[in-house]
Amino acid sequence: MDILVTVDGLKKSFGVHDIFQNVSFTVRQGEKVGLVGVNGSGKTTLLRCLLDPDFADGGSVKFAGDLRLGYVEQGFDDFREETVWQFMQHACPDILNLREKMRQLEEASGRAQGEELQGILDQYARTESRYAHLDGYHYENNIKRVLIGLGYPEETWQWRADKLSGGQKTRLQLAAALVNSPDLLILDEPTNHLDIVMSEWLENYLREFRGGVLVISHDRAFLDNVVEEILEMEGGTLHRFKGNYSRYLEQKEIQVLTQTRAYEAQQEYIARQEAYIRRFKAGIKSKMARGRQSQLDRLERIDAPVQEEEFQLRLPHAAECAEKVIILEHLDVGYPQHLLLQDVDLTLRRGEKVAIIGPNGCGKSTLLKTILQELPPLKGEARIGNRVKIGYFSQSYERLDENQTIMENFLTEYGLTDEQTRRLLGSMMFHGEDVFKVIGTLSGGQKARLVLLKLVLDGANCLLLDEPTNHLDIAAKEAVEAALETFDGTVLLVSHDRYLVNEVAGRIWAVEDGHVTDYKGNYDFYLEERDKNRSQEAAPEILRKEKEPAAKATPAAAAPQTAQPEKKMEKKPEKKPYSPAEAQKLLPQVELKIREYEALQKVLSDKIADPANQQDLETSTKLAEEYAEQSKILDGLMDKWEKLMESLE
């Protein structure tokens with residue numbers, strides 16, 4: 001495979017603090033690489049060094065010649081007062097600059113003569129060649145194709161880009177990255193703000209994407225489904241692991257265990273040698289003591305395993321409450337002019353952990369606000385049971401005053417002493433002067449940790465959580481999962497984090513077409529049921545039963561036989577499956593599909609014949625299964641083609 005980018009000995013520091021040292025790796029054509037690490041480990045800084053090598057303090061970044069790069073950043077700083085269409089037009093400034101340069105050269109050529117004219121024409125030819133390489137002549141058509149593919153129909157192209165929701169902005173950034181058919185995609189938290197449906201779409205797209213991918217993500221399900229290698233940023237160094245995120249965890253566990261044992265064994269050896277040196281450095285064995293000291297001085301020390309700081313979340317014991325914690329009866333949810341959910345009739349019982357899932361804008365957060373009585377129901381009733389104390393986590397962090405410092409906010413709300421407040425904030429990784437930071441300046445992950453701490457202090461027995469793990473790194477997400485799994489109270493959770501939902505929830509409320517469907521199982525169970533339902537809906541209609549069997553009984557045949565001669569039945573002409581008009585329309589489409597699958601089979605045949613693939617049992621088996629599946633589809637297409645041809649005869 002061709003190498004798209006080579007990073008060699010990269011380093012970056014801020015003042016005396018080293019972010020990372022001696023970082024080296026490559027990304028090749030077709031490789032899907034995930035970059036992981038705790039918040040603050042330097043992942044986004046590393047991406048910035050890739051995009052702007054001058055930002056690094058040392059080392060080199062080399063991209064393949066004429067490489068087309070697509071980049072989706074975290075956050076929405078690039079959105080200005082412009083339409084969706086204008087935003088997309090600015091996605092490739094090189095094309096716009098080349099257009100302007102070609103226009104200027106065309107004007108100049110009309111005024112020039114002789115050698116000057118020839119020089120302008122040569123320059124125009126070079127510029128036009130670069131413009132064609134970037135596919136500038138089809139730029140607007142490519143924009144339309146990508147926008148429609150990512151769920152932006154033509155009527156949305158004049159919407160203000162800066163007024164879109166978080167999920168819509170993320171999709172628009174992705175569209176801007178894809179419009180130039182990049183060779184290498186660099187993505188920084190691409191699933192933030194995406195709902196499950198769009199996350200699954202992105203996964204499918206990236207799996208089929210032929211270029212290279214380097215992605216920062218804290219979405220474990222996404223990493224499991226997309227990447228084939230993991231780069232881990234830890235303690236200022238980069239480590240590479242083969243496989244997806246789950247495979248990385250297995251390898252990491254073994255690596256940490258091995259390193260810990262080696263480190264402890266060496267420390268024990270060093271302690272014994274130092275004890276010997278102290279005991280005999282002045283006695284008869286002083287020469288031997290000096291020899292052992294020389295050995296220690298030459299010993300290459302094993303680094304201690306990196307221990308990243310993690311916060312521990314421990315939810316208090318839930319107080320007793322009514323068996324029925326939340327009762328929803330014939331509930332309509334939404335706004336006077338916009339009904340979101342209709343006839344919701346569900347009960348959440350004590351100790352249950354339920355996840356509400358569904359696409360962005362379908363009414364999940366609105367349902368929570370209706371339960372909390374922040375919004376009135378349009379119809380029906382939402383009741384909270386006796387002795388139920390609600391703890392609410394809002395994804396907009398309303399409980400945090402943006403103008404207060406962290407310390408002020410907690411002292412005001414809970415009336416604790418400075419010492420108690422500092423100790424609690426320290427458990428959430430806010431140390432020293434951190435407690436005097438203004439809340440408005442904090443990152444999303446830092447704000448989330450503060451709201452989670454308030455849930456602990458509230459002592460609620462029912463938690464309503466709206467995207468509690470957004471902006472948290474993987475270690476923090478795991479801490480939240482562990483706390484919710486061991487919590488003996490009731491949980492109603494809105495989340496797009498499939499891993500979290502599967503680990504915590506034992507019941508799924510899926511918002512589908514304005515209604516809530518109750519699935520009594522975890523997320524895996526929901527997926528099985530959903531796929532089963534889709535298969536049933538997509539299955540072709542059962543062929544009509546033959547109404548006239550070969551020896552069909554008629555009133556005459558059923559009567560006692562008489563001497564009348566047996567009358568031969570005339571054979572009716574067999575009805576063709578398609579009308580000539582239908583066949584004429586469908587035939588070109590089927591023929592195109594047949595050519596596509598024949599081409600795919602040729603590619604698979606070449607791969608199966610490759611000796612490198614034959615040496616790998618797993619790869620060769622997978623290729624053989626894929627070839628058999630493609631053959632089955634091709635056989636079906638050929639059958640359909642034959643029937644279409646018969647209908648035209």
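Colleague: Which residue in the turn of the S1 and S2 hairpin has a positive phi?
Modeller: In this predicted model, strands S1 (residues 3-14) and S2 (residues 17-28) form an antiparallel pair over 8 bridges. The hairpin they make has 2 residues between the strands. The turn residue with a positive phi, about 65°, is Gly15.

Colleague: What is the bridge partner of Ile3 in S2?
Modeller: Ile3 falls within S1, which spans residues 3-14 and pairs with S2 in the antiparallel sense. In S2, Ile3 is bridged to Arg28.

Colleague: Which helix gives the most to the largest nonpolar core?
Modeller: That core has 47 residues, and Met88, Leu147, Leu172, Leu185, Leu187 and Leu206 have the most contacts inside it. The top contribution is 6 residues, from residues 166-178, which form helix H6.

Colleague: How many residues are in the second, separate core?
Modeller: Leu313, Ile357, Leu450 and Val491 are included in this second core. Its residue count is 46.

Colleague: Which residues does Leu206 touch, leaving out those up to four places away in sequence?
Modeller: Leu206 is among the residues with the most contacts inside the largest core. With those sequence neighbours set aside, the residues touched by Leu206 are Lys32, Leu185, Leu187, Val213, Phe222 and Val226.

Colleague: Why does Leu51 count as partly exposed?
Modeller: Leu51 lies in helix H1 (residues 43-51). Together with Phe63, Leu69 and Tyr71, Leu51 makes a nonpolar surface patch of about 300 Å². Partly exposed covers the range between under 20% and over 50%. Leu51 is placed there because its relative accessibility is 34%.

Notes: Residues are numbered from 1 along each chain as its sequence is written. This is a predicted model: local features need pLDDT of at least 70, side-chain atom pairs count only at pLDDT 80 or more; totals for chains, interfaces and linings use all residues. Side-chain values use heavy atoms; hydrogens and water are left out. Two strands pair if DSSP finds at least two bridges between them. Helices (H or I, at least four residues) and strands (E, at least two) are DSSP runs, numbered from the N terminus. A nonpolar core is a set of buried Ala, Val, Leu, Ile, Met, Phe, Trp, Tyr and Cys residues joined through side-chain atoms within 4.5 Å. Buried means under 20% relative accessible area, exposed over 50%, partly exposed in between (1.4 Å probe, protein chains only). Contact means heavy atoms within 4.5 Å. Patches are made of residues with over 30% relative accessible area and no salt bridge: like charges are joined within 9 Å, nonpolar side chains (Val, Leu, Ile, Met, Phe, Trp, Tyr) within 5 Å. Accessible areas come from the Shrake-Rupley method with a 1.4 Å probe; for residues, only the protein chains shown count as cover. A salt bridge is a side-chain nitrogen of Lys or Arg within 4 Å of a carboxyl oxygen of Asp or Glu.
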